[in-house]
Amino acid sequence: MHDMSTMEEMSGESSGGGHAMGPASAEGVLPATETRGAQPLDFRLEGDVKVFELTARPVLWEILDGVTVVAWTYNGTVPGPMIRVTEGDRVRVILKNELPEPTTIHWHGVEVPNAMDGVPGVTQDPVLPGATFTYEFVAKPAGTFMYHSHFESDTQVMLGLYAPFLIDPATPEANPPDVDMVLMLSEWLVTDGQTYAAMPMAGMEPNYFTINGKAFPAVETINVRVGERVRLRLMSIGQFVHPMHLHGVPFKIVATDGHPVPAAAQLTKDTVSVAPGERYDIEWLATEPGQWMLHCHILHHTTNDGVEPGGLMLIVNVTE
Ligand SMILES: [Cu+2]
């Protein structure tokens with residue numbers, strides 16, 4: 001059991017950060033210099049170890065023209081950069097904490113040694129502001145995973161401390177898709193220009209909804225040619241379930257939480273509910289030209305502060 005006074009100190013509530021019901025402090029926070037999240041992160045090789053560097057820091061992040069949030073990020077983007085490695089790689093991630101609160105990283109779904117699991121007070125001490133911590137593990141199994149804060153995660157994750165972690169199979173896929181994209185779904189609460197961590201509780205419900213840190217129409221369009229196979233890796237990192245619906249053609253669910261579904265067991269659907277923490281890899285063949293929508297079917301989630309269209313929508317633009 002943890003002494004409560006220690007837990008309060010660990011929570012950093014006096015720091016003016018994002019915790020509890022208060023807004024995330026914008027004091028001294030600079031605008032983001034990047035505009036796209038979930039982009040591949042470069043690494044350097046030290047021997048046979050792939051070394052990645054992450055800095056947790058706040059930035060001002062535009063989720064929509066004219067709507068900017070105070071985001072807590074890895075390397076200044078929402079989502080943070082995508083770490084993509086191959087099954088069996090030895091991976092080292094050096095985390096520097098430039099947040100006003102402690103933090104840790106959890107490797108969601110990756111089979112790491114217990115000491116690398118990122119749970120403060122259980123598997124490691126919190127990484128204090130200004131401090132650095134090194135995670136190291138062998139990447140396994142292959143699949144679609146995520147990394148995110150595990151410290152005061154109800155606020156830190158909701159403010160943007162999340163990113164994709166993809167592990168490619170050691171034996172390359174015989175028939176890889178033509179388009180392979182990650183879509184991370186989350187929610188925000190923005191009131192009077194201030195950013196709060198959205199939660200499923202009274203007074204804290206979200207009014208903005210983002211795919212890869214952007215609300216429609218700022219969400220990137222997916223461009224495909226007729227005859228191409230599309231794979232989307234849906235990941236819900238927020239606190240709400242999102243039944244994602246594709247117009248035009250159905251898809252197959254080819255992996256659940258990173259693990260492949262055998263061909264005979266793959267469901268053909270046009271809507272899949274992605275609950276917090278879940279990942280679904282879906283695939284389909286683009287056959288009909290046109291601008292086809294992919295959107296959440298909880299229709300409040302396709303609004304921006306109550307105005308439709310917005311939020312969790314994007315266009316799949318299929319051309320000849
Ligand atoms: Cu939704």
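Reader: Where is proline 309 placed?
Author: This is a predicted model, and a cis peptide bond joins glutamate 308 to proline 309, with omega at about -5 degrees. Most peptide bonds are trans. As for its place, proline 309 sits in the loop between β21 and β22 (313-319).

Reader: Okay, and which residue does a cis peptide bond join to lysine 140?
Author: Look in the loop between β7 (132-138) and β8, where a proline is found. Omega of the bond is about -10 degrees, and the partner of lysine 140 is proline 141.

Reader: What is phi of aspartate 257?
Author: Find aspartate 257 in the loop between β16 (251-256) and β17 (259-260). Most residues other than glycine have a negative phi. Aspartate 257 isn't glycine, yet its phi is positive, near 50 degrees.

Reader: Which residues does leucine 267 touch, leaving out those up to four places away in sequence?
Author: Start in the loop between β17 and β18 (268-269), where leucine 267 is found. Glycine 227 is 40 residues away along the chain, and the two C-alpha atoms are separated by 21 Å. With residues up to four places away left out, leucine 267 touches Phe251, Lys252 and Ile253.

Reader: Now the metal: which protein donors does the copper ion have?
Author: The spacing of the donor residues in sequence is H-x53-C-x4-H, so histidine 242 in strand β15 (residues 242-246) and cysteine 296 in strand β21 (residues 290-296) tie together parts that are 54 residues apart in sequence. The donors lie 2.0 Å from the copper ion, and they are His242 (ND1), Cys296 (SG) and His301 (ND1).

Reader: How far apart are the C-alpha centres of domain 1 and domain 2?
Author: Let's pin down the two parts: domain 1 covers 4-168 and domain 2 covers 179-319. They do touch, with 38 residues of domain 1 in contact with 38 residues of domain 2. Their C-alpha centres lie apart by 22 Å.

Reader: Which three residues supply 24% of the area that domain 1 buries against domain 2?
Author: Between them, domain 1 and domain 2 bury about 3000 Å², and carbon and sulfur atoms give 66% of that. On the domain 1 side, no other three residues supply more than Ile63, Thr144 and Met158.

Reader: Which glutamate forms a salt bridge with arginine 36?
Author: Two salt bridges are counted between domain 1 and domain 2. For arginine 36, the closest N and O atoms are 2.8 Å apart, which is within the 4 Å cut-off for a salt bridge. The partner is glutamate 220.

Reader: How many residues on the side of domain 1 that touches domain 2 are nonpolar, polar and charged?
Author: Across this interface there are 12 residue pairs in polar contact. On the domain 1 side, the elements giving two or more residues are β2 (49-64), β3 (67-74), β8 (143-149), α2 (153-156) and β9 (162-168). Sorted by kind, the residues of that side come to 24 nonpolar, 10 polar and four charged.

Conventions:
Residues are numbered from 1 along each chain as its sequence is written. This is a predicted model: local features need pLDDT of at least 70, side-chain atom pairs count only at pLDDT 80 or more; totals for chains, interfaces and linings use all residues. Side-chain values use heavy atoms; hydrogens and water are left out. Domain bounds come from an automatic or database domain assignment. Contact means heavy atoms within 4.5 Å. Buried area is the accessible area (1.4 Å probe) that two parts lose on being put together, summed over both. A salt bridge is a side-chain nitrogen of Lys or Arg within 4 Å of a carboxyl oxygen of Asp or Glu. A polar contact is a pair of N or O atoms within 3.5 Å; within protein, one must be able to donate a hydrogen and the other to accept it, and residues adjacent in sequence count only if both atoms are side-chain atoms. Helices (H or I, at least four residues) and strands (E, at least two) are DSSP runs, numbered from the N terminus. Ala, Val, Leu, Ile, Met, Phe, Trp, Tyr, Cys and Pro count as nonpolar, Asp, Glu, Lys and Arg as charged, and the others, Gly among them, as polar. Donors are N, O and S atoms within 2.8 Å of the metal (3.2 Å for Na, K and Ca); water is not among the atoms, so sites may look incomplete.
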